[in-house]
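Visitor: I am new to this structure and should like to learn how to read it. Might we begin with the sheet?

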Amino acid sequence: MYKGLIERLALKNGSRILLAVLDGLGDIPIGELGGRTPLEAASTPNLDRLATGGALGMHVPIARGVTPGSGPAHLGLFGYDPVEYEVGRGVLSALGIGFPLRHGDLAARINFCTVDGAGVVTDRRAGRISTEKCRELVSLLGGIGIQGVEVHVMPVKEHRACVVFRNGDLSDDINDTDPGLVGERPVPVNGSGRSSEIVREFQEKSAGILAGHHPANFLLMRGFALHREFPTMEERFRLNAAAVALYPMYRGVASLVGMNVMACEPETLEGQVHAVELALRKGHDLVFLHHKPADSSGEDGNPAAKVSAIEDFDRVLPRFLELKPDVVAVTGDHSTPCPMKLHSWHPVPVLIHGGPQRTGYSSCFSEKQALSGSLGTFLSTDLMPLMMAAGGKLSKFGA
Ligand code: ZN
């Protein structure tokens with residue numbers, strides 16, 4: 001994408017776009033599915049109907065061969081170059097638990113760990129303490145005061161927590177204190193700047209508090225990152241966007257680009273139908289819908305569960321279509337092949353329905369048909385302009 005081009009051409013009109021992301025949708029052929037992918041094996045009459053009347057393609061989330069995290073992969077789908085708009089791990093972690101970050105906040109991930117009498121790390125995960133125990137330790141750390149800065153410590157899960165330092169001129173040029181290996185000492189915080197001093201003081205005070213709490217008697221920090229505000233989708237694309245997502249991380253990433261994050265009651269696919277309906281009724285012209293289960297079953301290495309997750313979405317799809325969005329795009333943020341149990345670099349099938357399309361290339365939604373679809377293979381950041389064009393939201397370039 002040429003920098004600034006889409007921003008120049010973006011038009012405001014009444015058309016409405018629904019972007020449905022089935023997290024981790026892409027896959028590879030699997031023996032127990034008869035050499036098919038979960039998307040190929042799933043019975044998806046509604047997606048297939050959209051594919052027949054629309055256009056298919058493949059998107060490359062970051063770059064060829066690069067495996068993305070879900071955060072950057074979503075930014076790509078929102079039209080934000082994930083490398084230019086890089087979000088640090090500490091920031092993603094804080095967004096992931098729904099912490100309301102502000103511009104300039106310094107965030108890092110915490111691991112509770114075990115150190116022996118000589119201060120050597122013997123377990124980087126403190127025996128994977130319970131989330132309950134994590135909450136208890138975090139509440140003890142909540143009392144840490146450091147002059148001139150607010151300190152927020154939040155539990156994440158098991159031995160994982162995160163910390164946010166707020167106020168003043170903070171820098172994220174701070175090394176990880178996690179040595180990454182057992183049998184080593186935690187790495188001291190280097191540097192002499194104010195941020196380093198703050199983090200050092202936090203490290204010392206937390207060590208004092210945790211000292212008697214075996215096995216979680218120390219903490220390691222990594223992924224220091226400053227939160228910076230991004231230009232909103234309204235500013236860039238003239239899109240008044242809303243997000244309908246159940247997991248905090250996706251709500252957080254959506255709020256990074258200025259989406260209005262909708263409440264979902266109940267927190268189910270059914271609740272999401274109502275939230276999408278409300279968002280469209282409120283005049284949002286782009287609604288991002290996030291569906292998580294395909295990714296989770298891919299990470300569990302469970303093809304049958306991934307097939308069911310896709311079929312569950314397909315069954316509810318007509319409810320979204322009844323809301324009559326002008327353009328519907330369905331895709332994943334990345335592939336999560338069941339045999340790998342991990343995210344991967346494989347391009348992701350995408351379907352766009354609505355607006356003038358080169359139809360007739362596809363009869364169902366699958367990796368195979370997406371590869372020979374009329375949209376071809378493109379970078380994930382091109383999806384936003386393709387959806388906008390389908391909705392008549394891009395003017396002509398030049399006379
Ligand atoms: Zn994902």
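**Reading the sheet and the backbone**

Guide: In this predicted model, eight strands build an open sheet with mixed pairing, in the order 9-8-10-1-11-12-2-13. Its edge strands, each paired on one side only, are strand 9 (260-261) and strand 13 (376-379).

Visitor: How many bridges join strand 2 to strand 12?

Guide: There are five bridges between strand 2 (residues 55-60) and strand 12 (residues 348-353), and the two run antiparallel. Ala 55, for instance, has Ile 352 in strand 12 as its bridge partner. Helix 3 (residues 45-53) packs on the sheet, where it touches strand 2, strand 11 (327-331) and strand 12. The direction of helix 3 makes about 70° with that of strand 12.

Visitor: Which strands does helix 10 lie across?

Guide: Helix 10 (residues 269-281) lies across strand 1 (17-22), strand 8 (241-244) and strand 10 (286-291), and runs at about 170° to strand 10.

Visitor: What should one look for in the backbone?

Guide: Most residues other than glycine have a negative phi, and most peptide bonds are trans. Here, the bond from His 214 to Pro 215 is cis, with omega near 0°; the bond from Glu 265 to Pro 266 is also cis, with omega near -10°. Pro 215 sits in the loop between helix 7 (194-210) and strand 7 (218-226), and Pro 266 in the loop between strand 9 and helix 10.

Visitor: Is Ala 126 buried or exposed?

Guide: Ala 126 is buried, because its relative accessible area is 0%, under the 20% limit. Its phi is positive, near 45°.

How values were computed:
Residues numbered from 1 in each chain as written. Predicted model: local features only at pLDDT ≥ 70, side-chain atom pairs only at ≥ 80, totals over all residues. Heavy atoms only, no water. Pairing = 2+ DSSP bridges. Helix = DSSP H or I, 4+ residues; strand = E, 2+ residues; numbered from the N terminus. Contact = heavy atoms within 4.5 Å. Axes fitted to C-alpha atoms, helices over the stretch in contact; angles between N-to-C directions. Buried < 20%, exposed > 50% of the residue type's maximum accessible area, 1.4 Å probe, protein only.
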